[in-house]
Amino acid sequence: MSAIPQILAIFIIMAIGLFLRKIKLLNENLIEGMTKIVLSLTLPFLMIASALNPETRGGGTEFIIIMVSSLLLHGVFGSIALFFLRKRRDNKMATVFAHTSVFSNCAFMGYPVMGAVFGAQGHIYVTAYTLGFNIALFTLGVAIYGGKKAIGIKALLLSPGLISSVLSAIIYLTGITLPSFIAEVMQMVGNITTPLAMLLIGAGMINFRPRDIISPMTWLASVMRVLIMPLICWGIFLLCGFSENLITALVLIVAMPGAATTVLMASIYRADAEYASRCIVMSTALSILTIPLWLFLVG
């Protein structure tokens with residue numbers, strides 16, 4: 001529970017981002033540029049800096065457990081989604097619902113939240129989880145929208161998220177070190193990630209409209225993402241006999257709101273991008289309440 005003030009601080013930064021968007025200090029071009037900076041520079045630097053941090057070393061077993069758990073969870077739930085979509089491929093809302101349910105905003109929002117709860121070790125947990133996430137996103141995630149024929153190995157291998165996750169894993173598991181000044185630069189740049197990411201997430205909530213509150217399908221997808229999926233996974237982790245620390249970490253990562261890539265892929269594959277946007281915004285809004293709730297329940 002000691003992390004609650006830090007979690008609240010993160011959501012306050014989100015509110016500042018929304019305010020800046022409303023007064024037009026943040027416009028679409030600026031948001032797009034800042035998003036690229038976070039995804040291509042500050043977030044990868046944060047991953048690598050966390051792997052280089054001496055305080056996080058020595059948890060190779062936990063890293064592997066989280067990575068394998070991520071692969072299995074996305075594999076199982078993604079396959080279930082594909083099974084139910086096999087005769088519903090033309091239902092554009094159903095594909096968005098499935099994608100929202102399976103894929104969380106584990107990196108963009110996961111790093112700030114997990115950093116607040118676990119410190120630098122939390123970043124290592126998220127790095128391990130995003131390895132499985134990225135592999136599943138560019139295989140099963142793509143297949144949810146476009147079928148198996150749409151899976152592209154090139155896009156998977158060139159994903160900045162996957163590349164930085166793999167490099168971080170190699171550094172962390174092998175104990176590789178870099179000159180201290182390089183590690184310090186990476187840490188300084190990486191530290192920009194949390195405030196920038198939360199400002200951007202808050203700015204993205206400008207599209208939230210009162211009518212979204214009474215949309216049953218938006219509610220259903222959002223509740224599935226931030227409550228039902230973490231609850232199912234919590235039960236699985238308890239049955240697996242994971243340590244309390246691992247259960248807390250995994251449940252919190254799973255409990256993140258819908259992934260922003262849901263909207264991007266919905267646009268690319270001509271699914272219901274508007275519904276996807278509503279799901280992401282609603283699940284993010286709900287997460288303001290549900291993340292502290294999950295931290296209280298499993299922390």
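Contact means heavy atoms within 4.5 Å of each other. The model is predicted: local features need pLDDT of at least 70, side-chain atom pairs count only at pLDDT 80 or more, and totals for chains, interfaces and linings use all residues. Residues are numbered from 1 along each chain as its sequence is written, and side-chain values use heavy atoms, with hydrogens and water left out.

**Exercise 1. Two residues of helix H3**

Task: Place Ser69 and Ile66, decide whether each is buried or exposed, and list their contacts.

Solution.
- Step 1. Ser69 sits in helix H3. Helices are DSSP runs (H or I, at least four residues), numbered from the N terminus.
- Step 2. Ser69 has a relative accessible area of 8%, so it is buried. The cut-offs are these: buried is under 20% relative accessible area, exposed is over 50%, and partly exposed is in between (1.4 Å probe, protein chains only).
- Step 3. Leave out residues up to four places away in sequence. Ser69 then touches Phe242 and Leu250.
- Step 4. Ile66 belongs to helix H3 too, which covers residues 60-85. Its relative accessible area is 0%, so Ile66 is buried.
- Step 5. With residues up to four places away left out, Ile66 touches Tyr125, Ala128, Tyr129, Leu246 and Leu250. Leu250 thus appears in the contacts of Ser69 and of Ile66.
- Step 6. Add a distance. Ile66 and Pro160 are 94 residues apart in sequence and 20 Å apart in space, C-alpha to C-alpha.

**Exercise 2. The two sides of helix H9**

Task: Sort residues of H9 into buried and exposed, then find what the buried ones pack against.

Solution.
- Step 1. H9 spans residues 180-190, and Met186, Val189 and Gly190 are buried there.
- Step 2. Look down the axis of H9. The buried residues fall within an arc of 100°, so they line one face of the helix. The arc is taken from the directions from the helix axis to the C-beta atoms.
- Step 3. On the other side of H9, Ser180, Phe181, Glu184 and Met188 are exposed.
- Step 4. The packing partners of the buried residues are helix H2 (28-52) and helix H10 (193-204).

**Exercise 3. Salt bridges**

Task: How many salt bridges does a search of the whole structure find, and which residues form them?

Solution.
- Step 1. Set the test: a side-chain nitrogen of Lys or Arg within 4 Å of a carboxyl oxygen of Asp or Glu.
- Step 2. The search of the whole structure finds two.
- Step 3. One pairs Glu28 with Arg21, with the closest N and O atoms 4.0 Å apart. Glu28 is exposed because its relative accessibility is 60%. Arg21 is buried because its value is 18%.
- Step 4. Another joins the side chains of Lys36 and Glu32 at 3.5 Å, N to O. Both residues lie in helix H2, four residues apart, about one turn of the helix. Glu32 is partly exposed, as its relative accessible area is 43%.

**Exercise 4. The largest nonpolar core**

Task: Which residues of the largest nonpolar core touch the most other members, and which helix gives the most to it?

Solution.
- Step 1. Define the core: buried Ala, Val, Leu, Ile, Met, Phe, Trp, Tyr and Cys residues joined through side-chain atoms within 4.5 Å.
- Step 2. The largest core has 92 residues, and Phe103, Met109 and Met114 touch the most other members.
- Step 3. Helix H6 (residues 120-146) gives the most, with 15 residues.
- Step 4. Now take Phe103. Beyond its neighbours within four places in sequence, its contacts include His74, Phe133, Arg225 and Gly258.

**Exercise 5. A nonpolar surface patch**

Task: Which residues form the nonpolar patch, and which elements give two or more of them?

Solution.
- Step 1. Patch residues have over 30% relative accessible area and no salt bridge; like charges are joined within 9 Å, nonpolar side chains (Val, Leu, Ile, Met, Phe, Trp, Tyr) within 5 Å.
- Step 2. Leu227, Ile228, Ile232, Ile236, Leu293, Phe296 and Leu297 form the patch, with about 550 Å² of accessible area together. Areas come from the Shrake-Rupley method with a 1.4 Å probe; for residues, only the protein chains shown count as cover.
- Step 3. Helix H11 (216-240) and helix H14 (273-298) each give two or more residues. H11 has the largest share, four residues.
- Step 4. Ile236 lies in H11. It is partly exposed because its relative accessibility is 32%.
- Step 5. Compare Thr290, in helix H14. Thr290 is buried because its relative accessibility is 7%. Beyond its neighbours within four places in sequence, Thr290 contacts Val226 and Leu227.
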